[in-house]
Amino acid sequence: MRFSSRAPSLARWSVVPLLGGLALSLLLHVSAHAADLRVGFMPGPYRDAFTNGIEPQLKKLGYTVKYVEFSQGVQPNDAVERGQIDANIFQHSLYLNATNKQQNFDLVPVVHVPTPPMGLYSQRHKSLDTVPDGATVTLPADPVNAARALNILAAIGWVTLKPGVSPLSVSERDIASNPKRLKLVPLDAAQAPRSLADADLAAVQGNFAVASGLKLTEALKLEDMTLPYVNVVAVKRSNENAKFAKDIVAAYQSAEFQQFFKANPVWAGYRLPDYFAK
């Protein structure tokens, strides 16, 4: 397998040109009806949690939820910025801030959501102790998530990082030492699960791990996830105090959702937001 080292494109997403003028104007309209709520997702577990734990609460308030699926990381943010959807759930605040800066978006997080941590996975090795020197490790190509992968490797003593490294610009150049002589291969984060067939280890973001059928409990090492990497619901800044945004926040923070989430063994190992009852 030949790994691609090209970072995920942050080019602005364009609506499919086949849409006619009338259809396009309807798509770009901020809201056709006050009770219509359009929410965007990437592949992963967040839609399931929203569908089963959040949507029932919103329906009681009169909302009709419409789901929009995306395949590339910048697309859900571009769609919120353009008003094509009202909110998205797929990213942590560091990634959100990075795309805001790079794409001149003005999106804000309104609430944290339960998030599966990044982990080191392997099809070749059953434990970290059996991983040889010179092993090949794939990791996300985008700097924010590459930093997470490198921090996992640093936590187990396989690399050391230079002090004061910015999580928004980290790269292999920021590695101070690599005593295990790891071969680090950056690739699009969505490709990480497939890279397990050819690499010794892959640093897989939690959403892509869950979407591909990997279990968090099977990771050889999970990251010690800190708050900036816990995913969020994002909306336009102008909608930060809108009723729909406040209703989404209230649904996530409700005892009903917390009990629902904790009762499902499928979500074992997730990093829970700080508002969850201990």
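Let's start with Leu-94, which sits in helix α4, residues 93–103; helices here are DSSP runs of H or I with at least four residues, strands are runs of E with at least two, and both are numbered from the N terminus. Leu-94 is buried, with a relative accessible area of 16%. For us, buried means under 20% relative accessible area, exposed means over 50%, and partly exposed is in between, using a 1.4 Å probe and protein chains only. Its C-alpha atom is 9.4 Å from that of Val-230, although the two residues are 136 apart along the chain.

A quick word on conventions. This is a predicted model, so to speak plainly: local features need pLDDT of at least 70, side-chain atom pairs count only at pLDDT 80 or more, and totals for chains, interfaces and linings use all residues. Residues are numbered from 1 along each chain as its sequence is written, and side-chain values use heavy atoms, with hydrogens and water left out.

Now the overall picture. The chain has nine helices and 12 strands, and 49% of its 278 residues count as buried. Taking contacts, meaning heavy atoms within 4.5 Å, between residues at least 6 apart in sequence, 75% join residues at least 24 apart. About 13,200 Å² of the chain is exposed, with carbon and sulfur atoms supplying 53% of that; these areas come from the Shrake-Rupley method with a 1.4 Å probe, and for residues only the protein chains shown count as cover.

Next, helix α3, residues 75–82. Seven of its eight residues are buried, among them Pro-76, Ala-79 and Val-80. What covers them includes β3, α4, β4 and β12, so to say our opening helix is part of that cover. Just after α3, Gly-83 takes a positive phi of about 85°.Strand β3 is mostly covered as well, with six of its six residues buried. Two strands pair if DSSP finds at least two bridges between them. β3 runs parallel to β1, residues 36–41, with three bridges, and Gly-40 has Asn-88 in β3 as its bridge partner. With β12, β3 runs antiparallel through four bridges, and there His-92 stands opposite Asn-231.

On to the open sheet. Which order do its five strands take? The order is β9-β6-β10-β5-β11, with mixed pairing. β9 (183–187) and β11 (221–222) stand at the edges with a single partner strand each, so one side of each has no neighbour in the sheet. Strand β6, residues 136–140, runs parallel to β9 and is joined to it by five bridges; Pro-140 stands opposite Leu-187 in β9. Helix α5, residues 143–155, packs on this sheet and touches β5, β6, β9, β10 and β11, and its direction makes about 140° with that of β6. Axes here are lines fitted to C-alpha atoms, for helices over the stretch in contact, and angles run from 0 to 180 degrees between N-to-C directions.

Finally, a helix pair. α8 (residues 243–253) and α9 (residues 255–262) pack at about 50°, with axes 5 Å apart. The two are therefore oblique to each other: under 35 degrees counts as roughly parallel, over 145 as roughly antiparallel, 65 to 115 as roughly perpendicular, and the rest as oblique. Ala-251, Tyr-252 and Gln-253 of α8 meet Ala-255, Phe-257 and Gln-258 of α9. By class, that contact has four nonpolar, two polar and no charged residues; Ala, Val, Leu, Ile, Met, Phe, Trp, Tyr, Cys and Pro count as nonpolar, Asp, Glu, Lys and Arg as charged, and the others, Gly among them, as polar.
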